[in-house]
Amino acid sequence: MQRYRISTELSEMDIDVIHGFVSESYWAKGIPKSVLKKALMNSLCFGVFTDDNAQIGFGRLITDRATYAYLADVFILDEYRGLGLSKALMTNIVSHPDLQGLRRMVLATRDAHGLYAKFGFEPVPNPETLMQVWQPEVYSVSNL
């Protein structure tokens, strides 16, 4: 029976697997590998691995580890979905010692509201207080 583990060791993260998924995602399509690598180096990363150390999932927190965190780039590879790994990953993330006592943890999702709701995430009750600089084409060839 296949066994899985979750690690926060940056040295274990497989940038090729992570980039392969994230660069095709709706939220970061076309992100250059160098930009993603820099993002990982400045985040608290969580990798999901098989017992033979193949990376099959990922998530990262952009955080000061004291007051705020933004959850990003969460995925489980298609062939490993339905095994409870996204729930295991989220359990590991929300229980991580460096993420306890935060005032706010946020994320953006188009299609995984049900998963995140199980871990206490809910719609922002006052979205009018949030602002952003939105550059959805920042990774397009013409902008690089």
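Contact here means heavy atoms within 4.5 Å. With that in hand, let's work through some exercises.

The structure is a predicted model, in which local features need pLDDT of at least 70, side-chain atom pairs count only at pLDDT 80 or more, and totals for chains, interfaces and linings use all residues. Residues are numbered from 1 along each chain as its sequence is written, and side-chain values use heavy atoms, with hydrogens and water left out.

**Exercise 1: a loop serine**

Find where S23 is placed, decide whether S23 is buried or exposed, and list its contacts beyond four places in sequence.

Step 1. Look in the loop between α1 and α2, and you will find S23 there. Helices (H or I, at least four residues) and strands (E, at least two) are DSSP runs, numbered from the N terminus.

Step 2. The relative accessible area of S23 is 9%, so S23 is buried. The classes are buried under 20% relative accessible area, exposed over 50%, and partly exposed in between, with a 1.4 Å probe and protein chains only.

Step 3. Once neighbours within four places in sequence are set aside, the partners of S23 are A28, K29, G30 and I31.

**Exercise 2: another residue of that loop**

Place Y26, classify its exposure, and find its contacts beyond four places in sequence.

Step 1. Y26 sits in the loop between α1 and α2.

Step 2. Its relative accessibility is 35%, so Y26 counts as partly exposed.

Step 3. Apart from neighbours within four places in sequence, Y26 is in contact with T109, R110 and D111. Y26 and R110 are 84 residues apart along the chain, and their C-alpha atoms are separated by 8.8 Å.

**Exercise 3: two helices that pack**

Describe how α1 and α2 pack, from their angle to the residues that make the contact.

Step 1. Helix α1 spans residues 15–22 and helix α2 residues 33–41; they pack at about 115 degrees, and their axes are 10 Å apart. Axes are lines fitted to C-alpha atoms, for helices over the stretch in contact, and angles run from 0 to 180 degrees between N-to-C directions.

Step 2. That angle makes α1 roughly perpendicular to α2. The cut-offs are under 35 degrees for roughly parallel, over 145 for roughly antiparallel, 65 to 115 for roughly perpendicular, and oblique for the rest.

Step 3. From α1, the contact takes I15, D16, I18, H19 and V22; from α2, K33, L36, K37 and L40 take part.

Step 4. Sorted by class, the contact has five nonpolar, one polar and three charged residues. Ala, Val, Leu, Ile, Met, Phe, Trp, Tyr, Cys and Pro count as nonpolar, Asp, Glu, Lys and Arg as charged, and the others, Gly among them, as polar.

**Exercise 4: the buried side of each helix**

For α1, α2 and α3, identify the buried residues and what packs against them.

Step 1. In α1, the buried residues are I18, H19 and V22. They cover an arc of only 95 degrees around the axis, which puts them on the same side of α1. The arc is that of the directions from the helix axis to the C-beta atoms. Their cover includes α2, β3 and β4.

Step 2. In α2, L36, A39 and L40 are buried. These fall within an arc of 100 degrees seen down the axis, so they line one face of the helix. S34, K38 and M41 are exposed on the other side of α2. The buried residues of α2 pack against α1, β2, β3 and β4.

Step 3. In α3 (residues 85–94), the buried set is L85, L89, M90 and I93. An arc of 135 degrees holds them, so they line one face of α3. Among the elements covering them are β1 (4–7), β2 (44–50), β3 (55–63), β4 (68–76) and α4 (113–117).

**Exercise 5: a closer look at L40**

Find how accessible L40 is and which residues it contacts beyond four places in sequence.

Step 1. L40 belongs to helix α2, and its relative accessibility of 4% makes it buried.

Step 2. Beyond four places in sequence, L40 is in contact with L10, I15, I18, C45, F58 and R60. Of these, I15 is 25 residues from L40 in sequence and 8.9 Å away, C-alpha to C-alpha.

**Exercise 6: positive phi**

Give the phi values of N53 and R65 and place both residues.

Step 1. N53, in the loop between β2 and β3, has a positive phi near 70 degrees and is not glycine.

Step 2. R65, in the loop between β3 and β4, has a positive phi of about 65 degrees, and R65 is not a glycine either. With a relative accessible area of 40%, R65 is partly exposed.
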